[in-house]
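I opened my notebook for a fresh look at a protein model. Come along and check each entry as we go.

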Amino acid sequence: MKTRVLVVDDHAHAREAICEIISGDDQFEIVGVVTSGQEAIEFTEHWMPDLILMDIQMPDMDGLEATQRIKLRFPYVKIVMITVSDDMFHLLEALKRGAQGYLLKNLAPSTWIQYLNSIVHEEAPLSRELAFEILKDVSLTNRSESVESLTFREKEILSNVTDGLTNKEIAEKLIISEHTVKNHLKNILQKLQVQNRVQLTRYALEQGLITGKDNVRNPWER
């Protein structure tokens, strides 16, 4: 099945460029194009897209506020912020409000498609540097579950996720299939009661499983 995409941007040229990039891959289908955060909320209520590409700077209601409202009501909709700026503040705010990722408008179309594919398949890596920054603001320690509930293989998978590896890279390293990696990840997320790789990496930080900022990877660089 194709991934149904909603494009949200108040600039006509930007909307056209984004739609051109997305239309170049058969996996994605553009089901809507709107110009404000409020319109994005209303469209999502009626049509439930799988993925929203959300501009940050917009009149009336910006992309950060719209993202927060949409994720509160429709947590399973994936949202990727799109902007011309690589300001760390915007990136952190986007993730804290529920976004799954962040893309710069000046990146090559192939990078966009590769990154969005990783978002759809829930395998976009999170750098340690970024995880540490998020950890300063949000805590996940108030839970009874611990890493000790994981099997040996699940701990291996978790370790590689915190190193910033994708599912494919983990599969190659452990000599198992990507499908097996995904199944292990689902079990890990369920056992630790976290929703995605961002929260999983943050959890590993709080548990002392990550102790340094080495091997830092830019979150939008593949």
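**Entry 1: phenylalanine 74**

I began with a small puzzle: where is the place of phenylalanine 74? I found phenylalanine 74 in the loop between H3 and E4. Before going on, I noted that this is a predicted model, in which local features need pLDDT of at least 70, side-chain atom pairs count only at pLDDT 80 or more, and totals for chains, interfaces and linings use all residues. I also noted that residues are numbered from 1 along each chain as its sequence is written, and that side-chain values use heavy atoms, with hydrogens and water left out. For the labels, helices (H or I, at least four residues) and strands (E, at least two) are DSSP runs, numbered from the N terminus.

Is phenylalanine 74 buried or exposed? Its relative accessibility is 16%, so phenylalanine 74 counts as buried. Buried means under 20% relative accessible area, exposed means over 50%, and partly exposed is in between (1.4 Å probe, protein chains only).

Next I looked up its contacts, where contact means heavy atoms within 4.5 Å. Leaving aside neighbours within four places in sequence, phenylalanine 74 touches Thr44, Glu45 and Met48. I also checked isoleucine 41, which is 33 residues apart from phenylalanine 74 along the chain. The C-alpha atoms of these two are separated by 9.8 Å.

**Entry 2: H2 and H3**

Thr44 and Glu45 turned up again when I moved to the packing of two helices, since both are listed in the contact of H2 with H3. Helix H2 covers residues 37-47 and helix H3 covers residues 63-73. Their axes are 9 Å apart, at an angle of about 20°. Axes are lines fitted to C-alpha atoms, for helices over the stretch in contact, and angles run from 0 to 180 degrees between N-to-C directions. H2 and H3 are therefore roughly parallel to each other. The cut-offs are under 35 degrees for roughly parallel, over 145 for roughly antiparallel, 65 to 115 for roughly perpendicular, and oblique for the rest.

Which residues make the contact? From H2 I listed Gly37, Gln38, Ala40, Ile41, Thr44 and Glu45, and from H3 I listed Ala66, Arg69, Ile70 and Arg73. By class, I wrote down four nonpolar, three polar and three charged residues for this contact. Here Ala, Val, Leu, Ile, Met, Phe, Trp, Tyr, Cys and Pro count as nonpolar, Asp, Glu, Lys and Arg as charged, and the others, Gly among them, as polar.

**Entry 3: H5 and lysine 78**

Helix H5 has 12 residues (109-120), and at 1.5 Å a residue they should span 16 Å; the end C-alpha atoms are 16 Å apart, which agrees. The expected span is 1.5 Å times one less than the number of residues. The buried residues of H5 are Trp112, Ile113, Tyr115, Leu116, Asn117, Ser118 and Ile119. Among the elements that cover them I noted helix H1 (12-23) and strand E4 (78-83).

Lysine 78 sits in strand E4. At 16% relative accessibility, lysine 78 counts as buried. Not counting residues up to four places away in sequence, lysine 78 touches several residues, including Ile119, Val120 and Glu122. Glutamate 122 comes just after H5 and takes a positive phi of about 55°.

**Entry 4: positive phi**

Most residues other than glycine have a negative phi. I therefore looked up two more with a positive value. Aspartate 60 has a phi near 70° and belongs to the loop between E3 and H3. At 80% relative accessibility, aspartate 60 counts as exposed. Isoleucine 175 has a positive phi of about 55°. Isoleucine 175 lies in the loop between helix H8 (167-174) and helix H9 (178-192), and at 75% relative accessibility it counts as exposed.

**Entry 5: H8 and H9**

How do the axes of H8 and H9 cross, and at roughly what angle? They come within 8 Å and cross at roughly 110°. H8 and H9 are therefore roughly perpendicular to each other. Asn167, Lys168, Ile170 and Ala171 in H8 meet Glu178, Val181, Lys182 and Leu185 in H9.

**Entry 6: the whole protein**

I finished with totals: the protein has 10 helices and five strands. Of its 222 residues, 50% count as buried.
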